[in-house]
Amino acid sequence: MHLHPPVAFRALTQKNLTADLVVVGGGLAGTCCAITAARAGLEVVLVQDRPVLGGNASSEVRLWVLGATSHLGNNSC
C-alpha cells in the first residue's frame with residue numbers, strides 16, 4: 001500500500017481510454033460483468049474508486065454475499 005502525507009489539493013488524473021465495454025463499480029456484479037466480457041473477447045475498462053474489488057462483499061467491508069457474519073459470537077449462518 002502506498003502511503004502519502006496529506007495534501008491540501010490533489011489534481012484528478014484524466015486518461016482517455018477506448019473499450020468495447022466500460023463497467024463502473026467493482027462490486028460483485030461489476031467484477032463478474034467485467035470478467036465475463038473479457039473472457040468473451042471484449043476490451044473492458046473497469047472503473048473502481050476503492051483499493052479492493054467486491055463492494056460490500058470485499059475484505060474491506062466484510063458483508064458477505066448472503067449477509068451472514070460470524071463475528072462477536074453471532075453466527076447467523
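**Exercise 1. The paired strands**

How many bridges join strand 1 to strand 2, and do they run parallel or antiparallel? Work it out from the model above, then compare with these steps.

*Solution.* A word on the model before we start: it is predicted, so local features need pLDDT of at least 70 and side-chain atom pairs count only at pLDDT 80 or more, while totals for chains, interfaces and linings use all residues. Residues are numbered from 1 along each chain as its sequence is written, and side-chain values use heavy atoms, with hydrogens and water left out.

Step 1. Find the elements: helices (H or I, at least four residues) and strands (E, at least two) are DSSP runs, numbered from the N terminus. Strand 1 covers residues 21-24 and strand 2 covers residues 44-47.

Step 2. Apply the pairing rule: two strands pair if DSSP finds at least two bridges between them. Here there are four bridges, and the strands run parallel.

Step 3. Check one position: Val24 stands opposite Val47 of strand 2.

**Exercise 2. The whole chain**

Describe the order of the elements and how much of the chain is buried.

*Solution.* Step 1. The chain holds one helix and four strands. Read from the N terminus, the order is β-α-β-β-β.

Step 2. Look at the opening part: strand 1, helix 1 (residues 28-39) and strand 2 form a right-handed β-α-β unit. Right-handed here means that, with the strands pointing away from the viewer, the path from the first strand over the helix to the second runs clockwise.

Step 3. Turn to burial, where buried means under 20% relative accessible area, exposed over 50%, and partly exposed in between (1.4 Å probe, protein chains only). Of the chain's 77 residues, 14% count as buried.

**Exercise 3. The two sides of helix 1**

Which residues of helix 1 are buried, and what do they pack against?

*Solution.* Step 1. Take the length: helix 1 has twelve residues and reaches 16 Å from its first C-alpha to its last, close to the 16 Å expected at 1.5 Å a residue. That expected span is 1.5 Å times one less than the number of residues.

Step 2. List the buried residues of helix 1: Gly30, Thr31, Ala34 and Ala37. Seen down the helix axis, they fall within an arc of 135 degrees, so they line one face of helix 1. The arc is that of the directions from the helix axis to the C-beta atoms.

Step 3. See what they meet: the buried residues of helix 1 pack against strand 1 and strand 2. On the other side of the helix, Ala29, Thr36 and Arg39 are exposed.

Step 4. Zoom in on Thr31, which counts as buried because its relative accessibility is 16%. Leaving aside neighbours within four places in sequence, Thr31 is in contact (heavy atoms within 4.5 Å) with Gly25, Gly26, Leu53 and Gly54.

**Exercise 4. From the helix to strand 2**

Follow the chain out of helix 1 and compare Leu42 with Val45.

*Solution.* Step 1. Just after helix 1, Gly41 takes a positive phi of about 100 degrees.

Step 2. Leu42 sits in the loop between helix 1 and strand 2. With a relative accessible area of 39%, Leu42 is partly exposed. Not counting residues up to four places away in sequence, Leu42 touches Asp20 and Ala37. Leu42 and Ala19 are 23 residues apart in sequence, yet their C-alpha atoms are 7.8 Å apart in space.

Step 3. Val45 belongs to strand 2, and its 19% relative accessibility makes it buried. Beyond neighbours within four places in sequence, Val45 contacts Leu17, Ala19, Leu21, Val22 and Val23. The C-alpha atoms of Val45 and Ala34, eleven residues apart along the chain, are separated by 7.6 Å.
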